[in-house]
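Work through the following exercises with the structure open. Each task is followed by a solution in steps.

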Amino acid sequence: MNRTQFVAVNGQYSKLFKVLSGIPQGSVIGPILFLIYINDLPDFCSGKHDAKCAIYLYSDDAKIYKTITNGEDQDILQRVINRLKEWCDRWLVSINIINKCNQMSFDVKHKTDTDYYIISN
């Protein structure tokens, strides 16, 4: 990839910056090709025992969802996260762990304190 970008506001332009990742904006084929590229991600992440863990893909974003009712469910979710990282490493897709990865829990009865993790290289 040899792309650059700049910001324009009211006729003023920033300097050029290298684009290190992402989908070329404004193209029709770019997002389609990316979706084809990541099409196997949900199947790769869900093992035969982990099928109840859902992965939602939208553009270059992925969300993993799992109802947690016991410790085994927590283990399943962590295994799926581990496989997501393995897939990304295999296909050279970077994960923005610092700025874009978050964990969110909803529970009306109990406070869960399980932390899930992605080990960066």
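From the N terminus on, the elements of this predicted model follow the order β-β-β-β-α-α-β-β-α-α.

**Exercise 1. State how many helices and strands the protein has, and what share of its residues is buried.**

Step 1. The protein has four helices and six strands.

Step 2. The chain has 121 residues, and 18% of them count as buried.

Step 3. About 10000 Å² of the protein is exposed, with 56% of that area supplied by carbon and sulfur atoms.

Step 4. Of the contacts between residues at least 6 apart in sequence, 39% join residues at least 24 apart.

**Exercise 2. Compare the reach of helix H3 with its expected span, then describe its start.**

Step 1. H3 has 20 residues; at 1.5 Å a residue, 28 Å is expected.

Step 2. From first C-alpha to last, H3 reaches 29 Å, which is close to that value.

Step 3. At the start of the helix, a side-chain oxygen of Asn-70 comes to within 3.0 Å of the backbone nitrogen of Glu-72.

**Exercise 3. Find which residues of the largest nonpolar core touch the most other members, and which helix gives the most to this core.**

Step 1. The core has 13 residues, and those touching the most other members are Leu-41, Cys-45, Cys-53, Leu-77, Val-80, Leu-84 and Trp-87.

Step 2. Helix H2 (41–45) and helix H3 (71–90) each supply at least two residues of this core.

Step 3. H3 gives the most, with seven residues.

Step 4. Nonpolar side chains tend to be buried together in soluble globular proteins.

Step 5. The buried residues of H3 include Ile-76, Ile-81 and Cys-88, but also Asp-73, Gln-78 and Arg-83. The elements that the buried residues of H3 pack against are helix H1 (29–37), H2, strand S5 (54–58) and strand S6 (61–65).

**Exercise 4. Decide whether Lys-85 is buried or exposed, and identify its side-chain partner in a polar contact.**

Step 1. Lys-85 is a residue of helix H3.

Step 2. Its relative accessibility is 15%, so Lys-85 counts as buried, the cut-off being under 20%.

Step 3. The side chain of Lys-85 is joined to that of Asp-89 by a polar contact of 2.7 Å.

**Exercise 5. Count the disulfides, and give the distance from the sulfur of Cys-45 to the nearest cysteine sulfur.**

Step 1. A disulfide requires two cysteine sulfur atoms within 2.5 Å. By this rule the count is zero.

Step 2. For Cys-45, the nearest cysteine sulfur is that of Cys-88, 7.6 Å away, and Cys-45 is in no disulfide.

Step 3. Cys-88 is likewise in no disulfide, with the sulfur of Cys-45 as its nearest cysteine sulfur.

Step 4. Cys-45 is buried at a relative accessible area of 0%, and Cys-88 is buried at 5%.

**Exercise 6. Locate Asn-10 and Leu-92, and decide whether each is buried or exposed.**

Step 1. Most residues other than glycine have a negative phi.

Step 2. Asn-10, not a glycine, has a positive phi of about 50°. Leu-92, also not a glycine, has a positive phi of about 60°.

Step 3. The loop between strand S2 (8–9) and strand S3 (12–13) holds Asn-10. Leu-92 comes just after H3, in the loop between H3 and helix H4 (97–100).

Step 4. Exposed means over 50% relative accessible area. Asn-10 has 77% and is exposed; Leu-92 has 78% and is exposed.

How values were computed:
Residues are numbered from 1 along each chain as its sequence is written. This is a predicted model: local features need pLDDT of at least 70, side-chain atom pairs count only at pLDDT 80 or more; totals for chains, interfaces and linings use all residues. Side-chain values use heavy atoms; hydrogens and water are left out. A nonpolar core is a set of buried Ala, Val, Leu, Ile, Met, Phe, Trp, Tyr and Cys residues joined through side-chain atoms within 4.5 Å. Buried means under 20% relative accessible area, exposed over 50%, partly exposed in between (1.4 Å probe, protein chains only). Contact means heavy atoms within 4.5 Å. Accessible areas come from the Shrake-Rupley method with a 1.4 Å probe; for residues, only the protein chains shown count as cover. The expected span of a helix is 1.5 Å times one less than its number of residues. A polar contact is a pair of N or O atoms within 3.5 Å; within protein, one must be able to donate a hydrogen and the other to accept it, and residues adjacent in sequence count only if both atoms are side-chain atoms.
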